[in-house]
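Welcome! Let's take a walk through a protein together, beginning with the overall layout and then moving on to a few side chains. Have a look at the picture before reading on.

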Amino acid sequence: MEPVINWNPREVSIWLEKKGHSKYSRILTEDHCIDGRALLLINESDLKSPPISINVLGDIKRLMLDIRQLKVENRQSLLQLGFDPISLLTKPVCSAHVYGTQFRPDF
């Protein structure tokens with residue numbers, strides 16, 4: 001299967017259904033275009049607040065538990081693809097210490 005970061009909304013919908021969250025598949029993937037990257041960035045507040053507004057606490061907790069598990073399971077894949085597992089931004093290729101010298105801006 002494709003790395004989560006590359007999932008399209010349809011693949012997210014399939015995952016939601018497999019995890020028993022089919023009730024929220026339409027609102028997340030069709031109404032709000034949640035793809036793999038967006039799924040990994042969702043937090044509990046996103047689920048509780050408009051525009052999603054899930055109001056069943058047990059459903060929120062179970063969905064967040066599965067999303068957190070998905071993040072853990074995909075941490076290594078994200079690193080290998082060059083993404084920071086927290087922000088999902090690509091990591092810079094170079095650092096402040098390039099070729100043994102420290103970068104010093106000319107201010």
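One idea will help from the start: a residue is called buried when its relative accessible area is under 20%, exposed when that area is over 50%, and partly exposed in between. Lys48 is a good test case: its relative accessible area is 42%, so Lys48 counts as partly exposed. Please keep in mind that this is a predicted model.

Now for the overall layout. The protein has five helices and two strands, and along the sequence they follow the pattern α-α-α-α-α-β-β. Of its 107 residues, 32% are buried. The accessible surface comes to about 7300 Å², and carbon and sulfur atoms account for 54% of that surface.

Let's turn to helix 5, which runs over residues 57-80. At 1.5 Å a residue, its 24 residues should span 34 Å, and the end C-alpha atoms are 35 Å apart, so the two values agree. Helix 5 also bends by about 50 degrees at Asn74. Asn74 is one of the buried residues of this helix, which also include Ile60, Leu63, Ile67 and Leu70. What do the buried residues of helix 5 pack against? Their partners are helix 1 (9-18), helix 2 (25-31), helix 3 (36-41) and helix 4 (44-48). Just after helix 5 comes Gly82, with a positive phi of about 90 degrees.

Next, look at the charged side chains. Lys23 and Asp59 meet in a salt bridge, with N and O 3.4 Å apart. Lys23 sits in the loop between helix 1 and helix 2 while Asp59 belongs to helix 5, so this pair ties together parts that are 36 residues apart in sequence. Is each partner buried or exposed? Lys23 has 60% relative accessibility and therefore counts as exposed, whereas Asp59, at 13%, counts as buried. Asp59 also forms a salt bridge with Arg62, at 3.0 Å between the closest N and O atoms. Because Asp59 and Arg62 are three residues apart in helix 5, about one helical turn separates them. Lys23, Asp59 and Arg62 are thus linked in a network of salt bridges.

Back to Lys48, whose side chain meets that of Glu44 in a salt bridge of 3.1 Å, N to O. Both lie in helix 4, four residues apart. An α-helix has 3.6 residues a turn, so residues three or four places apart point the same way.

Finally, find Ser13 in helix 1. With 5% relative accessibility, Ser13 counts as buried, and a polar contact of 2.5 Å joins its side chain to that of Ser25.

Key:
Residues are numbered from 1 along each chain as its sequence is written. This is a predicted model: local features need pLDDT of at least 70, side-chain atom pairs count only at pLDDT 80 or more; totals for chains, interfaces and linings use all residues. Side-chain values use heavy atoms; hydrogens and water are left out. The expected span of a helix is 1.5 Å times one less than its number of residues. The bend at a residue is the angle between axes fitted to the seven residues ending there and the seven starting there. Buried means under 20% relative accessible area, exposed over 50%, partly exposed in between (1.4 Å probe, protein chains only). Contact means heavy atoms within 4.5 Å. A polar contact is a pair of N or O atoms within 3.5 Å; within protein, one must be able to donate a hydrogen and the other to accept it, and residues adjacent in sequence count only if both atoms are side-chain atoms. Accessible areas come from the Shrake-Rupley method with a 1.4 Å probe; for residues, only the protein chains shown count as cover. A salt bridge is a side-chain nitrogen of Lys or Arg within 4 Å of a carboxyl oxygen of Asp or Glu.
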